Amino acid sequence: MLHDGLPSLLDELARLAELPLERGETLPARAYTSADFHELEKDRIFRSDWLCVGHVSQVSRPGDYVRVDDLGVPLVITRDEHGDLHALSRVCRHRFMDVLPPETTPDQGSLKRITCPYHTWTYRLNGEFAGQLAGAPLMNKVEFDRAACRLPQYRLEVWHGLLMVSADPDAAPLAPQLTALDATLAPYRLDDLVVAYTARWDGVPANWKVAFENGSENYHHMGSHANTLDRIVPGKDTVVDECEGRGFSMYTPFAPDMEIPQGPDGRELVGTLIPGLGLRQLSGMTVAGVFPNMAMALLPDSVTFVRWVPTGPLTHDALVTVLAPAEARQRPGFDAYVEASRQQFEIIQAEDLVAVRGVQRGLATDPAPSGGRFSHLERPLWQFQRYLAERLAGVGAVTP
Ligand code: FES
Ligand SMILES: [Fe+2]
C-alpha cells in the first residue's frame with residue numbers, strides 16, 4: 001500500500017524535470033528518505049533498467065563466472081565455450097537455493113557446470129544450453145519434466161567492455177541510448193583493460209542517489225578534496241559536456257603545477273599508461289557516467305568505475321572496480337602500484353563519505369530542506385532528474 005505522499009512526490013519530480021538548468025532545484029528530500037519512493041525505484045529502475053555489473057575481463061575465458069547482486073536478484077554472468085556471455089539467475093529450480101552462495105563460493109572463478117550445493121541439481125553452462133538442467137539425482141520416481149527445467153536468462157550487453165544487464169526482457173537496447181559517450185570513451189579502449197583490483201564499502205548510511213550524485217560532479221573537489229584531488233584536477237576547471245539522455249561526461253585538465261603523487265619510498269605513483277591515448281587524455285581526467293548508478297573516472301593509467309547499489313532507502317553498497325592496461329600486470333612494480341593506488345582511493349573515499357553521510361543527515365531533518373540550487377558544474381544532477389522523472393513518473397522521454 002503506497003502512502004498518500006508518493007503521488008505528491010512524483011508530481012514534484014515531474015515539476016523539477018521541466019525546469020531549465022538555470023532554474024534547476026535539488027530533488028525533494030523525501031526522494032532520499034521515503035520507503036515508498038524506494039520501492040518504486042527498485043521496481044522501475046533496478047529490476048527493469050540496464051545496470052553496469054562488471055567488466056569483461058572478469059569473465060575472459062570459457063567457463064569463467066562472476067556473481068552479480070546489483071539488480072536485487074541473484075545473478076551470475078558466465079562465458080561459454082564459444083565466447084558468448086550469459087546472465088543467468090542463481091535461483092535453483094528445485095527449492096530455490098542460491099546455486100553459488102557467497103558463503104561458500106568466490107565472487108568470481110571458473111566452472112564447467114553449476115551444481116547447486118543443496119541437493120546437487122546440476123546446470124549446464126555451454127552455449128545454447130546455458131542454464132539447462134543437466135542432472136537431478138533421485139528424481140526418477142516422480143513425474144518431472146527435466147527438459148523444461150532451466151535457470152532463467154537475463155538481458156546482457158557489453159558496452160565499452162562493461163557488462164550491462166537488464167531484468168526486463170523488453171528493455172530497449174542500451175548502446176544506441178549512449179552513443180553520445182562513444183567518442184569520449186573510445187580512446188581509453190576499455191575492452192582491452194583488465195581489473196587491477198576491486199574494493200567495496202558496504203552499508204554506507206545514505207540513500208544511493210546521494211552517493212551517485214556526489215560521484216557525478218567535480219564541484220565538490222574544492223571542498224571535500226581541497227588538499228587531495230583538487231590539487232591535481234581542480235573542480236573549477238571542469239568543463240561539463242552538454243549531454244542529454246542517460247549518459248553524461250566532463251573533462252578536467254590536470255593542474256599545471258600538479259605534484260605527481262609519491263609513494264612511501266618517494267617513487268612516483270604512476271602506473272603503465274593506457275596505450276594510444278591522445279594529448280587530451282594524457283593531460284586531464286574524464287568523468288563519465290550512466291544513469292542510474294554508475295560513474296567512472298578515466299585517467300591516463302587507469303579507469304575506475306563505481307556502482308552505488310541500494311540496500312534499502314537509507315543505505316547502499318559502493319562497489320569500486322579499477323581497470324589498468326593488461327601489460328601493467330607484467331611489470332615488477334605492479335603490486336606496489338596497486339597497493340599505493342588502493343591507499344589513495346581510500347583517502348579520497350573517506351573524504352567523500354564525510355559529505356555523503358553529512359548530506360543524508362541534512363536530508364533527514366524535520367522540516368525537510370528543499371529548493372537547493374545547482375551550479376553549472378552540477379548539470380549531471382539536473383540531467384539525472386529527467387531520467388528519474390521518465391522512469392518513475394512517466395514524464396517525457398529520455399532522448400539518446
Ligand atoms: S535447492 Fe537446489 S538442488 Fe535443491
Ligand atoms: Fe569526491
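Let's start with helix α7, which lies across β11 and β17 and runs at about 35° to β11. Contact here means that the C-beta atoms of two residues, placed from the backbone, lie within 7 Å. For the angle, axes are lines fitted to C-alpha atoms, for helices over the stretch in contact, and angles run from 0 to 180 degrees between N-to-C directions. Helices (H or I, at least four residues) and strands (E, at least two) are DSSP runs, numbered from the N terminus.

A word on what we are looking at: this is a predicted model, where local features need pLDDT of at least 70, side-chain atom pairs count only at pLDDT 80 or more, and totals for chains, interfaces and linings use all residues. Residues are numbered from 1 along each chain as its sequence is written, while chains are lettered from A and ligands numbered from 1 in the order in which they are written.

Now, the sheet under that helix. It is an open one of seven strands, in the order β11-β17-β16-β15-β14-β13-β12, with antiparallel pairing. β11 (193-204) and β12 (239-240) stand at the edges with a single partner strand each, so one side of each has no neighbour in the sheet. Two strands count as paired if DSSP finds at least two bridges between them.

Let me walk you through β14, residues 284-290. Six of its seven residues are buried, so to speak of it as mostly covered is fair; buried means that 20 or more other C-beta atoms lie within 10 Å of a residue's own, exposed means 12 or fewer, and partly exposed is in between, with C-beta atoms placed from the backbone. On one side, seven bridges join β14 to the antiparallel strand β13 (residues 247-253), and F248 has G289 as its bridge partner. Five bridges pair β14 with β15 (residues 294-298), again in the antiparallel sense. There, A288 is partnered with M296, and V290 stands opposite M294. A hairpin of three residues makes the connection from β14 to β15.

Next stop, A326. You'll find A326 in the loop between β17 (315-325) and α7 (334-363). Is A326 buried or exposed? It is partly exposed, because 15 other C-beta atoms lie within 10 Å. Leaving aside neighbours within four places in sequence, A326 is in contact with D192 and V194. D192 is 134 residues away along the chain, yet the C-alpha atoms of A326 and D192 are separated by 7.2 Å.

Over to helix α2, residues 35-46, where the buried residues are F37, H38, E41, I45 and F46. These cover an arc of only 100° around the axis, which puts them on the same side of α2; the arc is that of the directions from the helix axis to the C-beta atoms. They pack against α1 (5-16), β1 (51-55), β16 (303-312) and α8 (379-393).

There is one annotation to mention: UniProt, in an unreviewed entry, places "domain: Rieske" at residues 50-165. That span is 0% helix and 37% strand, and its end C-alpha atoms lie 5 Å apart.

Finally, the whole chain, which has eight helices and 17 strands. Its radius of gyration, taken over C-alpha atoms, is 22 Å, close to the 21 Å that the globule rule (2.2 Å times the number of residues to the power 0.38) gives for 400 residues, so the chain is as compact as a globular protein of that length. Buried residues make up 43% of the 400.

Note on methods: UniProt positions are given in the numbering used here, feature names are shortened, and annotations may be inferred rather than shown by experiment.
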